[in-house]
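Colleague: I have your model open and would like to know how you arrived at some of its labels. Could you take me through the reasoning?

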Amino acid sequence: MEQDPNFYIIIGAFAVLSIGIVSSLGLRGWRDWLALKHAELDIARRSSDAPVPSATSRIEVADLKERVKKLEAIAAGIDI
C-alpha cells in the first residue's frame, strides 16, 4: 500500500507548524513568568528599604514577650 506523496508533505508541514506554535506559546509563558519575578523582586526591593531590626532589639522584644507571658500566667493564677 503506497501513500500519496502529498500526504507526507502535509503531515510534515503540520508537525513543523505544531512545534512552532507550542514553542512560541512556551516562549511567551517564559517571558511572562520572568516579568512576574521581576515585579516580585521590585516589590521586595521597595519593602526592604525599611530598617532591619538589630539583634539587640530582637532580643529585647523576645524578653518583653516572655515577661508578658509570665504576667499573664500570674494574672490567670498559673505558677510557672
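Modeller: Gladly, and please keep in mind that this is a predicted model. Let's start with R67 and D63, which form a salt bridge.

Colleague: What makes the contact between R67 and D63 a salt bridge?

Modeller: The closest N and O atoms of R67 and D63 are 3.4 Å apart. The cut-off is within 4 Å, for a side-chain nitrogen of Lys or Arg and a carboxyl oxygen of Asp or Glu, so the pair qualifies.

Colleague: How do you know that R67 and D63 are separated by about one helical turn?

Modeller: Both belong to helix α2, which covers residues 55-76, and they are four residues apart there, so about one turn separates them.

Colleague: Why is R67 called exposed, and why is D63 called partly exposed?

Modeller: R67 has 52% relative accessibility, and exposed means over 50%, so R67 earns that label. D63 has a relative accessible area of 37%, which lies between the 20% and 50% limits, so D63 is partly exposed.

Colleague: What makes R45 and D42 a salt bridge?

Modeller: Their closest N and O atoms are 3.2 Å apart. That is within 4 Å, so the pair counts. R45 and D42 both lie in helix α1, three residues apart, about one turn of the helix.

Colleague: Why is R45 exposed, and how do you know that D42 is partly exposed?

Modeller: At 52% relative accessibility, R45 is over the 50% limit, so we call R45 exposed. D42 has 34%, between 20% and 50%, and is therefore partly exposed.

Colleague: And why is the contact of D32 with R28 called a salt bridge?

Modeller: The closest N and O atoms of D32 and R28 are 3.9 Å apart. The limit is within 4 Å, so this pair is included. Both residues lie in helix α1 (residues 5-47), four residues apart. D32 is partly exposed because its 46% falls between 20% and 50%, while R28 is exposed because its 60% is over 50%.

Colleague: How many salt bridges does this rule give?

Modeller: The count comes to four.

Colleague: One last topic: which residues make the nonpolar surface patch?

Modeller: The patch is made by L27, W30, W33, L34 and L36, and has an area of about 490 Å².

Colleague: What makes L34 eligible for a patch, given its relative accessible area?

Modeller: L34, found in helix α1, has a relative accessible area of 31%. Patch residues need over 30%, so L34 meets that requirement. The same 31% lies between 20% and 50%, so L34 is called partly exposed.

Technical notes
Residues are numbered from 1 along each chain as its sequence is written. This is a predicted model: local features need pLDDT of at least 70, side-chain atom pairs count only at pLDDT 80 or more; totals for chains, interfaces and linings use all residues. Side-chain values use heavy atoms; hydrogens and water are left out. Helices (H or I, at least four residues) and strands (E, at least two) are DSSP runs, numbered from the N terminus. Buried means under 20% relative accessible area, exposed over 50%, partly exposed in between (1.4 Å probe, protein chains only). Patches are made of residues with over 30% relative accessible area and no salt bridge: like charges are joined within 9 Å, nonpolar side chains (Val, Leu, Ile, Met, Phe, Trp, Tyr) within 5 Å. Accessible areas come from the Shrake-Rupley method with a 1.4 Å probe; for residues, only the protein chains shown count as cover.
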